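Subject: Structure handover

Hello,

Here is the structure I promised to pass on. Please open it next to this email and follow along.

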Amino acid sequence: MMSNAAARGARDKLLQMASPFRMLLFALQRAQHVFNRLWRPLTIGVRAIVIDAENRVFLVRHSYLPGWHLPGGGVEPGETVRAALERELAEEGNIELTGEPSLLCVYFNNYASERDHVLIYIVRDFRQTAPRERDWEIVETGFFPADALPEQSARATRARIAEALEGGRTADIW
């Protein structure tokens, strides 16, 4: 039986085979968007600005996308927006809601398709059951001060955090 350290080492080596593996994951993601465009009239996603007691924001770094992003993902057929938010937070950050999230805005995400909308929630009442382990999808997570986000944070991530924390008008476009 492989030890935990050996398993982590093997997983890290797999993730370091970055180029072909990441290209495949990116191609699969784009194929899903093409499928959605042809067979789904509208796609809806959820993301969360999770803010801890120290006013830090939780971000994730995916294996198939450059940069740091807000946790979240697509709402599956038959799934409520709330259920999708809870599922994505659990999957990407081991985060459980302990209170009601508040809706910041609904954004039109024309990067993904002409039919994609993203609901952004602010989450302040939560607990993280354990630090998120690195795997094939999520290679890194962390809580960061809003004024010291990782340099590679996505433009939209920075914009949504600023809108949430500084108030004022939110953008309509992702």
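Below are my notes on the sheets, the helices, the aromatic pairs and two histidines. Please keep in mind that this is a predicted model.

**The four-strand sheet**

Start with the open sheet of four strands. Its order is E4-E1-E7-E6, and the pairing is mixed. E4 (72-74) and E6 stand at the edges. Each has a single partner strand, so one side of each is left without a neighbour in the sheet. On average, neighbouring strands here are turned by 20° against each other, direction ignored.

Now the individual pairings. Strand E1 (residues 43-50) runs parallel to E7, with eight bridges between them. To find the register, look at Thr-43: its bridge partner in E7 is Asp-116. On the other side of E1, three bridges join this strand to E4, and the two run antiparallel. There, Arg-47 has Gly-72 of E4 as its bridge partner. Strand E6 (residues 102-108) pairs with E7 in the antiparallel sense, over six bridges. Tyr-107 is matched with Val-118 in E7.

How enclosed is E7? Seven of the eight residues of this strand (residues 116-123) are buried, so E7 is largely enclosed by the rest of the structure.

**The three-strand sheet**

The model also has an open sheet of three strands. The order is E3-E2-E9, with antiparallel pairing. E3 and E9 are the edge strands, and each pairs on one side only. Seven bridges connect E2 and E9. Arg-56 marks the register: this residue stands opposite Pro-145 in E9.

**Helices on the sheets**

Two helices deserve a look, since both appear in the notes for each sheet. Helix H3 (residues 81-93) lies across E1, E4 and E7, at about 55° to E1. H3 also lies across E2 and E9, running at about 75° to E2. H4 packs on the three-strand sheet as well, where it touches E2 and E3; its direction makes about 165° with that of E2. Helix H4 (residues 155-166) further lies across E1, E6 and E7, and runs at about 140° to E6.

**Aromatic pairs**

There are three aromatic pairs by the ring-centre rule. One is Trp-68 with Phe-144. Their ring centres are 5.0 Å apart and their planes stand at 75°, so this pair is edge-to-face. Trp-68 sits in strand E3 (residues 68-69) and Phe-144 in strand E9 (residues 138-145), so the pair ties together parts that are 76 residues apart in sequence. Trp-68 is buried, at 5% relative accessibility. Phe-144 is buried too, with a relative accessible area of 18%.

Another pair is Phe-126 with Phe-143. Here the centres lie 6.0 Å apart and the planes are at 15°, so the rings are stacked. This pair also links distant parts of the chain: Phe-126 is in strand E8 (residues 126-128) and Phe-143 in strand E9, 17 residues apart. At 17% relative accessibility, Phe-126 counts as buried, because the cut-off is under 20%. Phe-143 and Phe-126 are also part of a cluster: ring pairs link them with Phe-58.

**Two histidines**

Which strand holds His-62? The residue is found in strand E2 (residues 56-62). His-62 is buried, at 2% relative accessibility. Leaving out residues up to four places away in sequence, its contacts are Gly-67, His-69, Glu-92, Glu-137, Ile-138 and Val-139. Take Val-139 from that list. In sequence, His-62 and Val-139 are 77 residues apart; in space, their C-alpha atoms are 5.7 Å apart.

His-69 lies in strand E3. With a relative accessible area of 13%, His-69 is buried. A polar atom of its side chain lies 3.0 Å from the backbone oxygen of Pro-66. Beyond its neighbours within four places in sequence, His-69 touches Arg-47, Leu-59, Val-60, His-62, Ala-154 and Thr-157. So where should you begin? I would start with His-62, in strand E2, and then go to His-69, one of its contacts.

Best regards

Terms used: Residues numbered from 1 in each chain as written. Predicted model: local features only at pLDDT ≥ 70, side-chain atom pairs only at ≥ 80, totals over all residues. Heavy atoms only, no water. Buried < 20%, exposed > 50% of the residue type's maximum accessible area, 1.4 Å probe, protein only. Contact = heavy atoms within 4.5 Å. Phe/Tyr/Trp six-rings, centres within 6.5 Å; stacked < 30°, edge-to-face > 60°. Pairing = 2+ DSSP bridges. Axes fitted to C-alpha atoms, helices over the stretch in contact; angles between N-to-C directions. Polar contact = N/O pair within 3.5 Å; in protein donor to acceptor, adjacent residues only side chain to side chain.
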